[in-house]
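Hi there,

I am passing a structure on to you, with some notes on what turned up when I went through it. Could you have a look at the view below first and then read on?

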Amino acid sequence: MYRAPPGADGGGDRLNQSALIAVAGQYYPRPGVWARLGAGVGGFTRRAEGATRRGEARAGVGVVGGAGVELLARGRLALQLELLATTQVIVDGVVLGGALALGLVVD
């Protein structure tokens, strides 16, 4: 959520939603290190806070890429760090997303 400046497209808070469904492949150049790349379809919806209608939805195509490393492994447990980025091309623009994730995996 962000607050638009006064006078910009009506001002006020905006609530945005983005989703991407992708098929991806993952490559392990060595144990505990991986990279992934995929493509799929996505959607983006935005609306003003307090709006009674859902807002305008836009469909498009997108890609997802990421890389990760296993920080610590003990038995069947592993602590992993992953950097992830997404890009969607929709009818009236581009939607970018990203994350830095810390995960606990049970093998």
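**Salt bridges and the strands around them**

Arg 58 has a relative accessible area of 27%, so this residue counts as partly exposed. Please keep in mind as you read that this is a predicted model. Arg 58 is a good place to start, as its side chain pairs with Asp 92 in a salt bridge whose closest N and O atoms are 3.5 Å apart. Arg 58 sits in strand E4 and Asp 92 in the loop between E5 and E6, so this pair ties together parts of the chain that are 34 residues apart in sequence. Asp 92 is also partly exposed, at 43% relative accessible area.

How many salt bridges does a search of the whole structure find? There are two, and the other one joins Glu 82 to Arg 36, with 2.4 Å between the closest N and O atoms. Here the link runs between strand E5, which holds Glu 82, and strand E3, which holds Arg 36; the two parts it ties together are 46 residues apart in sequence. The contact between these side chains also counts as a polar contact, at 2.4 Å.

Is Glu 82 buried or exposed? With a relative accessible area of 17%, Glu 82 is buried, because the cut-off for that class is under 20%. Its partner Arg 36, at 23%, counts as partly exposed. Leaving out neighbours within four places in sequence, Glu 82 is in contact with Trp 34 and Arg 36, with Ala 67 and Gly 68, and with Ala 99, Leu 100 and Ala 101.

**The overall picture**

The protein has six strands and zero helices, so to speak β-β-β-β-β-β when read from the N terminus. Of its 107 residues, 21% count as buried. The protein exposes about 7600 Å², and carbon and sulfur atoms supply 60% of that area. Taking contacts between residues at least 6 apart in sequence, 43% join residues at least 24 apart.

On confidence, the mean pLDDT is 85, with 79% of residues reaching 70 or more. Among the elements, strand E5 has the highest mean pLDDT, at 95, while strand E1 (residues 2–4) has the lowest, at 51.

**A glutamine in strand E5**

Strand E5 also holds Gln 88, which is buried at a relative accessible area of 2%. Which residues does Gln 88 touch, not counting those up to four places away in sequence? The list is Ser 18, Ala 19 and Leu 20, then Gly 42 and Gly 43, then Val 61 and Gly 62, and lastly Gly 93, Val 94 and Val 95. Two of these deserve a second look. Gly 62 is 26 residues from Gln 88 in sequence, yet their C-alpha atoms are 4.0 Å apart. The backbone nitrogen of Gly 43 lies 3.2 Å from a polar atom of the Gln 88 side chain.

**A nonpolar patch on the surface**

The surface carries a nonpolar patch formed by Val 69, Leu 71, Leu 72, Leu 77, Leu 79, Leu 81, Leu 83, Leu 100, Leu 102, Leu 104 and Val 106, which together have about 1000 Å² of accessible area. Strands E4 (56–74), E5 (77–90) and E6 (93–106) are the elements that give two or more residues to this patch.

Two members of the patch can be described further. Leu 77 belongs to strand E5 and is partly exposed, at 42% relative accessible area. Val 106, in strand E6, counts as exposed at 58%. Apart from neighbours within four places in sequence, Val 106 is in contact with Arg 76 and Leu 77. The C-alpha atoms of Val 106 and Arg 76 are separated by 5.5 Å, although the residues are 30 apart along the chain.

**One more pair**

Finally, have a look at Arg 47 in strand E3 (residues 33–48). Arg 47 counts as partly exposed, with 31% relative accessibility. How many residues along the chain separate Arg 47 from Leu 15? They are 32 residues apart, with 5.6 Å between their C-alpha atoms.

Happy browsing, and all the best!

Key
Residues are numbered from 1 along each chain as its sequence is written. This is a predicted model: local features need pLDDT of at least 70, side-chain atom pairs count only at pLDDT 80 or more; totals for chains, interfaces and linings use all residues. Side-chain values use heavy atoms; hydrogens and water are left out. Patches are made of residues with over 30% relative accessible area and no salt bridge: like charges are joined within 9 Å, nonpolar side chains (Val, Leu, Ile, Met, Phe, Trp, Tyr) within 5 Å. Accessible areas come from the Shrake-Rupley method with a 1.4 Å probe; for residues, only the protein chains shown count as cover. A salt bridge is a side-chain nitrogen of Lys or Arg within 4 Å of a carboxyl oxygen of Asp or Glu. Helices (H or I, at least four residues) and strands (E, at least two) are DSSP runs, numbered from the N terminus. Buried means under 20% relative accessible area, exposed over 50%, partly exposed in between (1.4 Å probe, protein chains only). Contact means heavy atoms within 4.5 Å. pLDDT is the predictor's confidence in each residue, from 0 to 100. A polar contact is a pair of N or O atoms within 3.5 Å; within protein, one must be able to donate a hydrogen and the other to accept it, and residues adjacent in sequence count only if both atoms are side-chain atoms.
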